[in-house]
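Morning, everyone. I have one model to walk through, and I'll keep it short. Have a look at it first.

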Amino acid sequence: MQNSPERHIRLSSHKPSGEAPAAPQWGAGSPEARGPIVGAAAGTASRNVIGTYGGSYSLYRALSIATGAMGRSHRPDLSLTAPAAAIGPHPQWSEPGRIVSLDPWGHLAADIFAAEIAQGYDIRPTIAVTKAKLRIPEVEDAVRAGRLKADGAIVEADGAVNVTKAAVDPVWHLPGVAARLGVEETALRRALFEETGGMFTDLVTRSDLEVFLPPIGGVTVYILGDAARLGDPGTRVACRVHDECSGSDVFGSDICTCRPYLIHGVEMAAMEAQRGGVGLIVYTRKEGRALGEVTKFLVYNARKRQPGGDLASAYFERTECVAGVQDARFQELMPDVLHWLGIRRIDLFVSMSDMKRDAIVNQGIEIVERVPIPEDRVPADAQVEIAAKVASGYAPLTKETPAVERTTGRGLDEF
């Protein structure tokens, strides 16, 4: 049988035999000095990180191998997969502490480490960059209504939006992540090990391995305009950082403002690109404030069934009662993707969230103005959410579209 279960299993707690690649020197000034990120099956010598490529999809790869649909020894053919747009290198890639949760050289790995791949090391890109057109009904409506102008380059006559997009898998430098979160590395490793049911024993047995490929979703970046200009200090940038909400973003659920705010961000990004700047949407896989969709739906039920019904005064409390915490997104790691893009300043930050704003500013990126969601974009069933957030410190919504104003709101949010 191709994938016999009788094959010898080597536990990661066993001392590996054979030659292992050198450990990555995180933050080095060149990819050659840093070295490759080499992921492989647990216990083998030919790896220098904890975990496997592909994030959460690594489990589906395991299913493919278990059923015989994929050979265990398969290695991807990376010819013709080079980035469709040039991104970096930028100075932030080697500035101490700037990037701790992704590999800034991840989109160039196949090229830079071709010799190591030829030697048999399993080195794969953790970032991919391509081109696409976005076709969003609300954006097409905005073009027809004249709120957004077609220019043939950024926005086409039929409302399609031309973008460069990048998919980014997480690559965590554990000492850097611990420092960013203000915890001891040993405490971080132990919590990661224990709260995943002991899935990665290397976290507690291999302190020499400092890099972790966690089995979680990553980030998708949509760039409107010339991606190469993001590192230019003279380039104006409009940015929306959006945390995943599939119920609203994809299926149009009206209990929150997620999709309306995302669409507003796309419009603002397009307008800025048309003015000669660059628009940016950063879409992170943190469903339900990173508590998951099951927990989110449980909270929805609790909110609507509590005495008095859905109340702004109990909005955050209901989440904490179910989940134990109001928000698990830990925005401290989010600015890394902005550093990867070379951004030092965001002129228009399409968000009302102080969690996001503070995380970005604390990482040395200037935010000039914040853009609230227009009042007429808020669904009727999302009024409780908005009221709760305004009560927690958010500035009042703007009635105009698209308005730009500074806000000083604070609180936990879905924005």
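Start with helix α12. Which of its residues are buried? They are Thr-295, Lys-296, Val-299, Tyr-300, Ala-302 and Arg-303. Keep the helix geometry in mind here. An α-helix has 3.6 residues a turn, so residues three or four places apart point the same way. α12 covers residues 293-305, 13 residues in total. From first C-alpha to last, α12 reaches 18 Å, close to the 18 Å expected at 1.5 Å a residue.

A word on confidence. This is a predicted model. The average pLDDT for the chain is 86, and 85% of the residues score at least 70. Watch residues 400-415, though. Their pLDDT stays under 50. The model still has 77 contacts for that stretch beyond four places in sequence.

Now the whole chain. We have 16 helices and 10 strands. Of the 415 residues, 51% count as buried. The exposed area is about 18700 Å², and carbon and sulfur atoms supply 54% of that. Take the contacts with a separation of 6 or more: 71% of them are between residues 24 or more positions apart.

On to the sheet. It is open, has 7 strands, and its pairing is mixed. Reading across, the order is β2-β3-β6-β8-β7-β9-β10. Which strands stand at the edges? β2, residues 127-134, and β10, residues 366-370. Each has a single partner strand, so one side of each is left without a neighbour in the sheet. From one strand to the next, the twist averages 25°.

At the β2 edge, β2 pairs with β3, residues 161-168, in the antiparallel sense, over 8 bridges. There, Val-129 stands opposite Ala-166 of β3.

Helix α10, residues 258-274, packs on this sheet. α10 touches β6, β7, β8 and β9. Its direction makes about 155° with that of β8.

So what about β8 itself, residues 278-284? 7 of its 7 residues are buried, so β8 is largely enclosed by the rest of the structure. Both faces are covered. One side has Val-278, Leu-280, Val-282 and Thr-284. The other has Gly-279, Ile-281 and Tyr-283.

β8 also has two neighbours to look at. With β6, residues 219-224, the pairing is antiparallel, over 6 bridges. Tyr-222 has Ile-281 of β8 as its bridge partner. With β7, residues 237-243, β8 runs parallel, joined by 7 bridges. Here Val-241 stands opposite Val-282.

Notes:
Residues are numbered from 1 along each chain as its sequence is written. This is a predicted model: local features need pLDDT of at least 70, side-chain atom pairs count only at pLDDT 80 or more; totals for chains, interfaces and linings use all residues. Side-chain values use heavy atoms; hydrogens and water are left out. Helices (H or I, at least four residues) and strands (E, at least two) are DSSP runs, numbered from the N terminus. Buried means under 20% relative accessible area, exposed over 50%, partly exposed in between (1.4 Å probe, protein chains only). Contact means heavy atoms within 4.5 Å. Accessible areas come from the Shrake-Rupley method with a 1.4 Å probe; for residues, only the protein chains shown count as cover. The expected span of a helix is 1.5 Å times one less than its number of residues. pLDDT is the predictor's confidence in each residue, from 0 to 100. Two strands pair if DSSP finds at least two bridges between them. Axes are lines fitted to C-alpha atoms, for helices over the stretch in contact, and angles run from 0 to 180 degrees between N-to-C directions.
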